[in-house]
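Please open the structure in a viewer and keep the sequence at hand. The tour below proceeds by selection, one stop after another.

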Amino acid sequence: MTERLPGEDNHPLRELVFEYLERVEAEGPAVLEDLCARHPARADALRARIEILHGTGLAGSVEMGAPAKLGDYRLMDRIGAGGMGVVYRARDEVLGRDVAVKLIHPGELLFPGAKERFWRETEAVARLAHPGIVPVHAAGEQNGVPYFAMELVDGCSLGEALASVLEGRRSLAQRSGTDLAEAIPGRETAEEASPIFDGPWVGVSLRIAREVAEALEHAHRRGVLHRDVKPSNVMLTRGGRVMLVDFGLSSADGSQRITRTGEALGSLAYMSP
């Protein structure tokens, strides 16, 4: 893990690293020189970070679908990404099944505490066993990049489903659970939707909230706090499964604090007052 340099502010540097990762596929190595020219005070630190990043074999490759394989898992298409991790559809070549593999975003490897936070998420989910929480199948590390494999959910996030429903002109009060069910893709699309989607919008919303609350209660009883509950971290299937995902900001009893005192964690619109 790269330590913080004296007097260095990691927030602007992190933004430069992520800008490099976003642009390098299309623009090539010249991106680094451009960023260094625009930010001369951080040029040396940025070059050091990118050199370490290339050492992992992932620099510029996450957006292109590489590495080809992590452990027993052959990575295919990218299906999701957050501030800390990237999720791929992958093939378990030992058991012959499709799974979801989450690996740490390569840019995060350059900053203190990133690996620890990633492993904390893995350990937190691994101690849970509830139908409303996506289970972890296995975990590992390759070329310094940690990852874990989990169930591949055939559906979409609640946030994506809501965005699809809201594309129309009718207000949510005029919508029904059928509208929500029809917004969920997957193999179950042709099947009859679950009774959880029956009835008016308010009733459907309450049933989904109850499912999430039950998953949270299970986690809390085992000493795990999610700390980032929001629509994009809730998965839905047409078969009526409601699952909580992304424990990247979770805390667990007995775990060492790796965030600074007073540091705000979570998504502002969904944080407690």
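Begin by selecting strands E5 and E6, which form a hairpin with two residues between them. In the turn, asparagine 143 has a positive phi of about 55 degrees. The model on display is a predicted one, and every stop of this tour should be read accordingly.

Remain with this pair of strands. Strand E5 covers residues 136–142, and strand E6 covers residues 145–150. The two run antiparallel and are joined by six bridges. To view one pairing in detail, select glycine 140, which stands opposite tyrosine 147 in E6.

**The whole sheet**

Next, select all the strands. In what order do the six strands form the open sheet? The order is E1-E2-E3-E4-E6-E5, and the pairing is antiparallel. Strand E5, where the tour began, is one of the edge strands; the other is strand E1, at residues 69–70. Each of these two pairs on one side only.

Proceed now to helix H4, residues 114–126, which packs on the sheet. This helix touches strand E4 (97–104), E5 and E6. The direction of H4 makes about 20 degrees with that of E6.

**From E1 to E6**

Select E1 together with strand E2, residues 73–81; these run antiparallel and are joined by two bridges. Here lysine 69 has arginine 74 in E2 as its bridge partner.

Move on to strand E3, residues 85–92, which pairs with E4 in the antiparallel sense over eight bridges. Arginine 89 may be highlighted at this point, since its bridge partner in E4 is alanine 100. E3 and E4 also form a hairpin, with four residues between them. Select glycine 96 in that turn to find a positive phi of about 65 degrees.

Keep E4 selected and add E6: the two pair in the antiparallel sense over four bridges. Valine 101 stands opposite alanine 149 in E6. Is E4 largely enclosed or largely open to its surroundings? Six of its eight residues are buried, so E4 is largely enclosed by the rest of the structure.

**Helix H2 and the cysteines**

Leave the sheet and select helix H2, residues 30–38. Its buried residues are Val31, Leu32, Leu35 and Cys36. These cover an arc of only 130 degrees around the axis, which puts them on the same side of H2. Turn the helix to its other side, where Ala30 and Ala37 are exposed.

Cysteine 36 merits a selection of its own: this residue is buried, with a relative accessible area of 6%. Add cysteine 156, which is also buried and has a relative accessible area of 5%. How many disulfides does the structure hold? The structure holds zero disulfides.

**Histidine 218**

For the last stop, select helix H7, residues 201–221, and find histidine 218 within it. Is histidine 218 buried or exposed? With a relative accessible area of 8%, histidine 218 falls under the 20% cut-off and is therefore buried.

Display the surroundings of histidine 218. Setting aside residues up to four places away in sequence, histidine 218 touches Leu128, Ala129, His130 and Ile133. Finally, add arginine 222: a polar contact of 3.1 Å joins its side chain to that of histidine 218.

Key:
Residues are numbered from 1 along each chain as its sequence is written. This is a predicted model: local features need pLDDT of at least 70, side-chain atom pairs count only at pLDDT 80 or more; totals for chains, interfaces and linings use all residues. Side-chain values use heavy atoms; hydrogens and water are left out. Two strands pair if DSSP finds at least two bridges between them. Contact means heavy atoms within 4.5 Å. Axes are lines fitted to C-alpha atoms, for helices over the stretch in contact, and angles run from 0 to 180 degrees between N-to-C directions. Buried means under 20% relative accessible area, exposed over 50%, partly exposed in between (1.4 Å probe, protein chains only). A polar contact is a pair of N or O atoms within 3.5 Å; within protein, one must be able to donate a hydrogen and the other to accept it, and residues adjacent in sequence count only if both atoms are side-chain atoms. The arc is that of the directions from the helix axis to the C-beta atoms. A disulfide is a pair of cysteine sulfur atoms within 2.5 Å.
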